[in-house]
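This briefing covers the packing, one helix, and the charged side chains of the protein shown below. Keep the structure open while going through the points.

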Amino acid sequence: MFLPAASLLNTTFRQLRRKVICGPVFVTRSKSSQPHEQRTELTKSPVCSYNEWDCLEEVIVGRVENATVPELTPEIQAVIPETSWDYFRENAGKFFPTEHMRKARSEIAEFCRILEHEGITVRRPDIIDHAKSFSTPDFTSTGLYAAMPRDLLLVIGDEIIESPMAWRCRFFEYRAYRSLMKEYFRDGAKWTTAPKPLMSNELYDMDYIKSGKRLELPARGRYVTTEFEPCFDAADFQRAGRDIFCQLSHTTNRMGIDWLQRQIGDEYTIHIVQCKDDAPMHIDASLCLLKPGLVLVNPDRPCYQIDVFKKAGWDVVEAPRPTTPSDHTMWFSSTWLSMNVLMLDHNRVVVDVNEIPTQKLFEKLGLECIKVDFRFASSLGGGSHCWTCDVRRNGSLESYF
Ligand code: NVA
């Protein structure tokens, strides 16, 4: 399905409809403590990003610390590789293996240094105890990690949105980012928390796994999450200025997409696109918008609406197959993290140092590869796109379709 497609088909990304300068985003902020004396001042928002490619100025990079193995609940079982199931059953509530995590932590520290060397301000979430058990009136769980800010935080213009993520173990993940959120808010950002899902049993199709068809049902539009309440993970969205592309998945339902569309308003149009994916969760290893006119696609997961890009004049490029060995531990994802890349601007792309075919493709496309080792960090389910949230890019709100 592809929503409001008609307008897209008649234009190309070169025919920009409107151009709104972002640069500094000015918002009004009350300065006075006197209730009757409402003075305001112009403030530049520290949060401003409209797409996946404008020049990156500030980024949040996730953390390995205290990453905890979650319980094998239905919403997790629906998406993670079957090879991980026993590990989750046996280790729920414990930390991931120390030595593996030490290597992952050192890779991420190096990633941060490289980003800083490229002139980007790097921010980190707080270290919190993800192994602590918690209860709401509806469920009990332990936490997961604060490794993948891309899943939680969605930046649209000067607004930073805490997403209503679908996994119970991620219910309190926002706590690791609250110091940053408060700082951004104080400095002028628009800070929004989407309605927190109850995550009671009604949000999950409890028969989904029992059906024995978990990998067949997405093709029929059935997912482990129901439409009981809005839910989405930010990583199911790719931003291209006024047009935002997303997928329905095990973590993102229609009600979640509707909530987001209403929240961000008429300036933006969210388009649902679907890829042939037997365990859809997070669009950024299936379809990645690299820069205006260039989209990277997963050859194993063709996108049913790819003509929308082609008709708008975009080049559609297939990602080379990943080189990560099949026996490499991937607790949460496939090895297609090779295409899960962070653009630093139109010309620079962060790519896994081990993924030579992907680097060669990017070089052929005229992109400069910033190589980073993600071998151990990727085990937690993300490449450079997942491990980050681009807080501020130097660009403007534009139309590319
Ligand atoms: N769930 C997808 C995307 C991960 C970023 C995968 O495993 O490839």
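Leu115 touches Val59, Val61, Ile120, Val122, Leu342, Leu344 and Val350, leaving out residues up to four places away in sequence. The model is predicted, and Leu115 is among the residues with the most contacts inside its largest nonpolar core. The points below start with the cores and end with the salt bridges.

**Nonpolar cores**

- The largest nonpolar core has 46 residues, and Phe111, Phe332, Leu380 and Trp387 join Leu115 among those with the most contacts inside it.
- β4 (55-61), α3 (85-91), α4 (98-117) and β19 (368-372) each contribute at least two residues to this core.
- α4 gives the largest share, seven residues.
- A second core, separate from this one, has 21 residues, including Tyr50, Leu154, Phe237 and Ile264.

**Leu154 in the second core**

- Strand β8 (residues 153-156) holds Leu154.
- With a relative accessible area of 4%, Leu154 is buried, because anything under 20% counts as buried.
- Not counting residues up to four places away in sequence, Leu154 touches Glu159, Ile160, Ile161, Ser163, Phe232, Ala234, Phe237, Arg239 and Leu260.
- From C-alpha to C-alpha, Leu154 and Asp236 are 10.0 Å apart in space, with their positions 82 residues apart in sequence.

**Helix α9**

- In α9 (residues 356-364), the buried residues are Thr358, Gln359, Leu361 and Phe362.
- These residues lie on the same side of α9, because they cover an arc of only 160° around the axis.
- Lys360 and Lys364, on the other side of α9, are exposed.
- The cover over the buried residues of α9 includes β14 (287-291), β15 (294-297), β16 (315-318), β18 (348-352) and β19.
- Gly366, just after α9, has a positive phi of about 85°.

**Arg168, a buried charge without a salt bridge**

- Arg168 sits in the loop between β9 (159-162) and α6 (178-186).
- Arg168 is buried but has no salt bridge, and Glu75, the nearest side chain of opposite charge, is 5.2 Å away.
- That distance rules out a salt bridge to Glu75, because a salt bridge needs a side-chain nitrogen within 4 Å of a carboxyl oxygen.
- A polar contact of 2.9 Å links the side chains of Arg168 and Asn201.
- Beyond its neighbours within four places in sequence, Arg168 is in contact with Glu75, Phe134, Asp138, Phe139, Ser141, Met199, Ser200, Asn201 and Tyr204.

**Salt bridges**

- The whole structure has 26 salt bridges.
- One of them joins the side chains of Arg63 and Glu65 at 3.3 Å, N to O, and both residues are buried.
- Another joins Arg348 and Asp345 at 3.0 Å, N to O; Arg348 and Asp345 are also buried.
- The side chains of Arg113 and Glu110 meet in a salt bridge of 3.1 Å, N to O.
- Arg113 and Glu110 are about one helical turn apart, because they are three residues apart in α4.
- An α-helix has 3.6 residues a turn, so residues three or four places apart point the same way.
- Arg113 is partly exposed, with a relative accessible area of 49%, and Glu110 is partly exposed at 36%.
- Glu52, Arg150, Arg239, Asp390 and Arg393 form one network through salt bridges that share partners.

Methods:
Residues numbered from 1 in each chain as written. Predicted model: local features only at pLDDT ≥ 70, side-chain atom pairs only at ≥ 80, totals over all residues. Heavy atoms only, no water. Core = buried A, V, L, I, M, F, W, Y, C linked by side-chain atoms within 4.5 Å. Buried < 20%, exposed > 50% of the residue type's maximum accessible area, 1.4 Å probe, protein only. Helix = DSSP H or I, 4+ residues; strand = E, 2+ residues; numbered from the N terminus. Contact = heavy atoms within 4.5 Å. Lys, Arg positive; Asp, Glu negative; His and termini not counted. Polar contact = N/O pair within 3.5 Å; in protein donor to acceptor, adjacent residues only side chain to side chain. Arc of directions from axis to C-beta.
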